[in-house]
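Reader: I'd like to go through this one with you, question by question. Can you put it up?

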Amino acid sequence: NCRKVTLDCWKGVPDCKQIDVIALELNRQGTTIVMVTHSCHDASYAHRIINLFDGQIVTEMQSESLLR
């Protein structure tokens with residue numbers, strides 16, 4: 001049973017803090033969160049970071065989430 005949620009540049013949305021809290025909780029429950037962001041701070045929450053340029057993968061790294 002694969003569960004995935006995609007968040008695409010949601011920071012301008014009212015209640016974006018609510019979205020952050022919900023995404024973190026869903027991830028803790030096993031849901032994969034695919035986050036599209038330009039924010040290094042927001043990316044720091046990820047377990048895996050893939051940087052793209054013109055549709056091509058430039059770098060890919062595993063990281064320890066700051067909030068585990």
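Reader: Which strand holds Leu52, and is the residue buried or exposed?
Author: This is a predicted model, with local features needing pLDDT of at least 70, side-chain atom pairs pLDDT 80 or more, and totals for chains, interfaces and linings using all residues. Residues are numbered from 1 along each chain as its sequence is written, and side-chain values use heavy atoms, leaving out hydrogens and water. Leu52 sits in strand β3, residues 48-53 (strands are DSSP runs of E, at least two residues, and helices runs of H or I, at least four, numbered from the N terminus). Its relative accessible area is 56%, and buried means under 20%, exposed over 50% and partly exposed in between (1.4 Å probe, protein chains only), so Leu52 of β3 is exposed.

Reader: Which residues of α1 are buried, and why do they line one face?
Author: Helix α1 covers residues 16-28. Seen down its axis, the buried residues fall within an arc of 70° (taken from the directions from the helix axis to the C-beta atoms), so they line one face. Those residues are Cys16, Asp20 and Ala23.

Reader: And what's on the face turned away from that buried side?
Author: That face of α1 carries exposed residues. They are Lys17, Val21, Ile22 and Arg28.

Reader: Which residues does Leu26 touch, leaving out those up to four places away in sequence?
Author: Leu26 is in α1 and is partly exposed, at 26% relative accessible area. Its C-alpha is 8.8 Å from that of Val5, 21 residues apart along the chain. Counting contact as heavy atoms within 4.5 Å, Leu26 touches Val5, Thr31 and Ile33.

Note on methods:
Expected span 1.5 Å × (residues − 1).
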